[in-house]
Amino acid sequence: MRVELLGVPRARAGVAELELQADTLGELLVALAVRCPSLGELITADRLRPSVVANLNGDRFISDPRTQLSEGDSVLILSADAGG
């Protein structure tokens with residue numbers, strides 16, 4: 001699935017987007033932390049710190065690590081204050 005980064009996460013990772021495989025948000029965050037170690041301060045175990053949020057397919061914000069993801073999903077990880 002496509003993972004897009006915006007704001008502080010993008011600046012720390014040094015990339016705007018990447019492709020990862022995961023069945024849940026928690027698995028995705030663990031994979032993201034492994035792929036981009038510079039995001040380690042923003043991800044605690046399988047959760048995002050309060051200063052960062054995740055949006056699924058532009059429809060809703062998600063935070064539960066058990067949230068199911070599908071292959072065609074797009075997840076946006078951004079600073080909680082990004083977008084004004």
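**A friendly look at Glu 19, Thr 24 and their fold**

Reader: What relative accessible area does Glu 19 have?
Author: Glad you started there, and keep in mind that this is a predicted model. The partly exposed class lies between the 20% and 50% cut-offs. Glu 19 falls in that class because its relative accessible area is 48%.

Reader: Which strand holds Glu 19?
Author: Look for residues 17-19, which make up a single strand. Glu 19 is part of that stretch, and the strand is labelled S2.

Reader: How far apart in space are Glu 19 and Val 3, C-alpha to C-alpha?
Author: Along the sequence, 16 residues separate Glu 19 from Val 3. Glu 19 also touches Met 1, Arg 2 and Arg 35, once residues up to four places away in sequence are set aside. Between the C-alpha atoms of Glu 19 and Val 3, the distance in space is 6.0 Å.

Reader: Does Thr 24 count as buried or exposed?
Author: First find Thr 24 in the loop between S2 and helix H2, which covers 25-35. The cut-off for the buried class is under 20% relative accessible area. Thr 24 has 13%, so the class is buried.

Reader: Which residue has a backbone oxygen that the side chain of Thr 24 reaches?
Author: Leaving out neighbours within four places in sequence, Thr 24 is in contact with Pro 65, Arg 66, Thr 67, Gln 68 and Leu 69. Its side chain comes to 3.4 Å from the backbone oxygen of one of these, Pro 65.

Reader: Now for the whole fold: in what order do the elements run from the N terminus?
Author: The protein has 2 helices and 7 strands to place in order. Starting at the N terminus, the order reads β-α-β-α-β-β-β-β-β.

Reader: What is the radius of gyration of the protein?
Author: The C-alpha trace spans about 25 × 25 × 20 Å along its principal axes. For 84 residues, a compact globule would have a radius of gyration near 12 Å. The value for this protein agrees with that, at 11 Å.

Reader: What share of the residues counts as buried?
Author: Thr 24 is one residue that counts as buried. Taken over the 84 residues of the protein, the buried share is 39%.

Reader: How far apart are the mean positions of the positive and negative charges?
Author: The protein carries 8 positive and 12 negative charges. Each set has its own mean position, and the distance between the two is 5 Å.

Definitions and conventions
Residues are numbered from 1 along each chain as its sequence is written. This is a predicted model: local features need pLDDT of at least 70, side-chain atom pairs count only at pLDDT 80 or more; totals for chains, interfaces and linings use all residues. Side-chain values use heavy atoms; hydrogens and water are left out. Helices (H or I, at least four residues) and strands (E, at least two) are DSSP runs, numbered from the N terminus. The radius of gyration is taken over C-alpha atoms; the globule rule is 2.2 Å times the number of residues to the power 0.38. Buried means under 20% relative accessible area, exposed over 50%, partly exposed in between (1.4 Å probe, protein chains only). Lys and Arg count as positive and Asp and Glu as negative; His and the chain ends are not counted. The place of a charge is taken as NZ of Lys, CZ of Arg, CG of Asp or CD of Glu. Contact means heavy atoms within 4.5 Å. A polar contact is a pair of N or O atoms within 3.5 Å; within protein, one must be able to donate a hydrogen and the other to accept it, and residues adjacent in sequence count only if both atoms are side-chain atoms.
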